[in-house]
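Let's take a walk through this protein together. Have the structure open beside you and find each spot as it comes up.

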Amino acid sequence: MSDYLRLSAIALALSGFGFGAAAAQTQNPETESHLPGDEHDEHDHEDEEKTLEAVMVQATRSGRMAQDEPMRVEVINREEIEEKAIMRPGNIATLLSETGGIRVQVTSPALGAANVRVQGLFGRYTQILSDGLPLYGGQSIGLLQIPPTDLRQVEVIKGSATSLYGASALGGVINLVSRRPGEEAEGEVLANLTSRDGQDFTAYGAVPLSGTLGASLTAGAHRQGLQDFDLDGWIDMPGYERWTARPRLFWQGDDGAEVYATLGYMTEQRQGGTREGRTVPDGSFFPQNQDTTRLDGGLIADVPLTATVTGKLRASGMVQDHEHRFGPVAEDDRHESYLLEASVAGAAGGTNWVAGAAFQSEVYSSDLLPGFDYTYDVPGLFGQVDHDLTEDFSVSASGRLDDHSAYGTQFSPRVSVLYRPGDWTFRGSVAEGYFAPTPFVEEIEAAGLSRLEPLSGLTEETARTASFDTTYKRGRIEANATLFASDVDGATRLQPFASLPGGAPDRVRLVNTVGTTELRGTELLLRYLIGDFKLTGSYLFIDSTEPGDLGIGRQEVALTPQHTAGMVAMWERHGEFRLGVEMYYTGEQRVEDSPFRTVSDGYLDVGILGEITRGPASWFINAENILNVRQTREESLLKPQRAPDGQWTTDIWSRNDGFIVNGGVRLRF
């Protein structure tokens, strides 16, 4: 607990410098912010500001408005989602990568898999939810299989949220909130083509079935052709074919009871590695393929028990089958995830509370390598209390007690404070959490299990996180800043070793790091609105260090740039047009797994987006990476020889798709 208090002190000390956090983007998806001094008067502006603030968040369980929530929650609204959906209709990677403090890191150059790093923490610590349910599993490829078509908003909690969602949320939570049917039937289809032989078709429909029941259906078909830009025989942009479907039902009773149910189906065939007829440096043909089938379902029910108390039930299940091929080795496996949770929630005066019990289960089974099979069963108790001490001052405390079948009893607390004097908002949070190790660190997801020793002697990974946030918003200007700190103990990493005495390293084992991984950083955001124009600037600094090999010395955390920055200028008139320019800078990073370099180059990513709407049709074109940044323009992805973990490729520290243009049409009905 002394370390926990130490991080609390760090957060409070840093607050003296006047920094704070990028606040929630709480704009209503149906409304644009207009400012006085243009064709809109002050009365319109005040009405719209009230509407913009009225965004309820789901990820914290309290059911409060974003501006009243002591725990910091950033909200990506429907307007931003629509903008990013025409850039990448097939997945949410672009949507997340252009959010402050978040980095989408490619984990497998062969298959294009990626995960989400929140404020520099490893991607395996980030929990992705759908309406609060864990429907997508923990594998990083899943991020690229979620279309943004039916999202109403995206909620982001940074820092440990284990107190709310268990071990998978050690680094934060990304909650994807679905659109709800309205009073009238509506529909939308989107067709997209890219200059890199990519095609996307998505459809969304919602209909009220009665006064209390509504339904929606989202479906998509996505294809990407294989691309080998440098003609070295290794596929730089993997090919895939993917089909998705997700029906949803929404019921709301006259007494306030609500029931939500969903089913999801996804199938994908993904190809990478060497092209047909080509070889890797040792002369072997080394294709990497992954066929995936995922079926999931979820249920959420809220039932009023008294005038002030509500009973809540959440349940979900996910089964995902993989057929992997890593060169000559076929690894077929299954991932399963289950959740059953019951809770009661109430409100009295200025206090909101939640208390409940949950049972979570994670199951992995391998056809080829059953020694890696595991089942994690985790019953737990959790609670949360939010209390308004005054009109401007609120506190929130949450905690979770888990009985992990492999790692024993774990307690995860979190405390948050909110203070809102006038145009200022201050938030502070401290939290602790844990993560249950699995074989699937980034390198193993890229290379398979065949060169990994069976796990033994591991302990849980634990983290302490703290943040202090400040927001100033008045008129046309919104300024936000964050100071954050994280300490991670026992982070797992791969350790190469030789299987034969005197031989070169040709296998790896998973071990806990000896010592603490430390991350300290600052997020800054400035937004300026004037009429139909919006200008946003952002900056992220991360000072990250981890123990060196065998615990000797310290080094920067690999693939974690110290400096990243962005600028977005958007001219938009709803129902007529949208024109924007984006620039994102990524600074130098330590490169760990490459024979060509130890530090990457910085690079600038520039894009231009245009959309014009005529009636129900919106025609769009988007040019990304105009400067044609591509890592294979600097060096080969292929190593001269295969690494001990089985990988043939170096780390990905840059973009690897080069200049790309996409365009198409979105029709609304």
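## A bridge across the chain

Let's start with Arg668 and Glu188, whose side chains meet in a salt bridge, with 3.9 Å from N to O. Arg668 sits in strand β31 (residues 660-668) and Glu188 in strand β7 (residues 186-194), so this pair ties together parts that are 480 residues apart in sequence. Keep in mind as you look that this is a predicted model.

Are the two partners buried or exposed, or something in between? Arg668 is partly exposed, with a relative accessible area of 30%. Glu188, on the other hand, is buried, because its relative accessible area is 6% and buried means under 20%.

## More salt bridges

How many salt bridges does a search of the whole structure find? The count is 56. The general idea is simple: side chains of opposite charge can pair when their charged atoms come close.

Another one to look up is Arg420 with Asp68, where the closest N and O atoms are 3.2 Å apart. This pair also links distant parts of the chain: Arg420 is in the loop between β18 (408-419) and β19 (424-435), Asp68 is in the loop between α2 (42-53) and β1 (74-76), and 352 residues separate them. Arg420 is partly exposed, at 22% relative accessible area, and Asp68 is partly exposed with a value of 22%.

## A pair within a network

Now find Glu98 and Lys84, whose side chains form a salt bridge of 3.4 Å, N to O. Glu98 is in the loop between α4 (93-97) and β2 (102-108), while Lys84 belongs to helix α3 (residues 78-85); the two are 14 residues apart. Glu98 counts as partly exposed at 23% relative accessibility, whereas Lys84 counts as buried at 7%.

Let's go back to Arg668 and Glu188 for a moment: Arg668 is partly exposed, and Glu188 is buried. Elsewhere, salt bridges that share partners join Glu79, Glu80, Glu83, Lys84, Glu98, Lys534 and Glu582 into one network.

## Strand β28 and its two faces

Glu582 takes us to β28, where the side chains alternate. Arg578, Gly580, Glu582, Tyr584 and Thr586 point to one face and are buried. Phe577, Leu579, Val581, Met583 and Tyr585 point to the other face and are not buried. Take Val581, which is found in this strand: Val581 counts as partly exposed, at 34% relative accessibility.

What about the neighbours? Strand β27 (residues 563-573) pairs with β28 in the antiparallel sense over ten bridges, and Glu572 has Arg578 of β28 as its bridge partner. The hairpin of β27 and β28 has three residues between the strands, and there Gly575 takes a positive phi near 80°. β28 and β29 also run antiparallel, joined by ten bridges; here Leu579 has Gly610 in β29 as its bridge partner.

## A nonpolar patch on the surface

Some of those β28 residues turn up again in a nonpolar patch on the surface: Phe533, Trp571, Leu579, Val581, Met583, Tyr585, Leu604, Ile608, Ile626, Leu627 and Phe659, with about 910 Å² of accessible area together. Which elements give two or more residues to the patch? They are β28 and β29. The largest share, four residues, comes from β28.

## Arg597 in its loop

Next, follow the chain past β28 (577-586) into the loop that leads to β29 (603-614), and you'll meet Arg597. Arg597 is buried, with a relative accessible area of 17%.

What does the side chain of Arg597 make polar contacts with? One contact, of 3.4 Å, joins it to the side chain of Asp601, and another, of 2.7 Å, is with the side chain of Glu635. Leaving out residues up to four places away in sequence, Arg597 touches Val591, Glu634, Glu635 and Trp653.

## One last stop

Finally, look for Thr465 in strand β20 (residues 461-474). Thr465 is buried, with a relative accessible area of 7%. A polar atom of the Thr465 side chain lies 3.2 Å from the backbone nitrogen of Ser160.

Methods. Residues numbered from 1 in each chain as written. Predicted model: local features only at pLDDT ≥ 70, side-chain atom pairs only at ≥ 80, totals over all residues. Heavy atoms only, no water. Buried < 20%, exposed > 50% of the residue type's maximum accessible area, 1.4 Å probe, protein only. Polar contact = N/O pair within 3.5 Å; in protein donor to acceptor, adjacent residues only side chain to side chain. Contact = heavy atoms within 4.5 Å. Patch = residues over 30% accessible without salt bridge, like charges linked within 9 Å, V, L, I, M, F, W, Y side chains within 5 Å. Areas by Shrake-Rupley, 256 points an atom, 1.4 Å probe, with all protein chains shown as cover. Salt bridge = Lys/Arg side-chain N within 4 Å of Asp/Glu carboxyl O. Pairing = 2+ DSSP bridges.
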